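User: I'm new to this one. Could you take a close look at the aromatic pair and what surrounds it?

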Amino acid sequence: MISQQAFNNFWNALVITGQGMSGIFIFMGLFYIAIKLLDKLFPYEEEKIGKGAEKETEKVA
């Protein structure tokens, strides 16, 4: 049978693990939102260099 002390240690380990995993998922969510916001603010533009040596930019949807 599991002693009370072992059960308490196991339970505390589960709580700490849950807090750590929650922190990781919260950080990943915030990082994802930051990337989406940067993509909206600064959309990707592909540069094309024509034969006349003038640079043209084209937005990629």
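Analyst: Sure, let's start with the basics. This is a predicted model, where local features need pLDDT of at least 70, side-chain atom pairs count only at pLDDT 80 or more, and totals for chains, interfaces and linings use all residues. Residues are numbered from 1 along each chain as its sequence is written, and side-chain values use heavy atoms, with hydrogens and water left out.

The chain has 1 helix and 2 strands, in the order α-β-β along the sequence. Helices (H or I, at least four residues) and strands (E, at least two) are DSSP runs, numbered from the N terminus.

Now the pair: there is 1 aromatic pair in the structure. The ring centres of Phe27 and Phe31 are 5.8 Å apart and their planes sit at 20°, so the pair is stacked. For the cut-offs, rings of Phe, Tyr and Trp (its six-membered ring) pair if their centres lie within 6.5 Å, and planes under 30 degrees apart count as stacked, over 60 as edge-to-face and the rest as tilted. Both residues belong to helix H1 (residues 4-41), and because they are 4 residues apart there, about one helical turn separates them.

How covered are they? Phe27 is exposed at 53% relative accessibility, while Phe31 is partly exposed at 48%. Here buried means under 20% relative accessible area, exposed over 50%, and partly exposed in between (1.4 Å probe, protein chains only). Ile24, also placed in helix H1, is partly exposed at 45%. As for the whole chain, buried residues make up 0% of its 61 residues.
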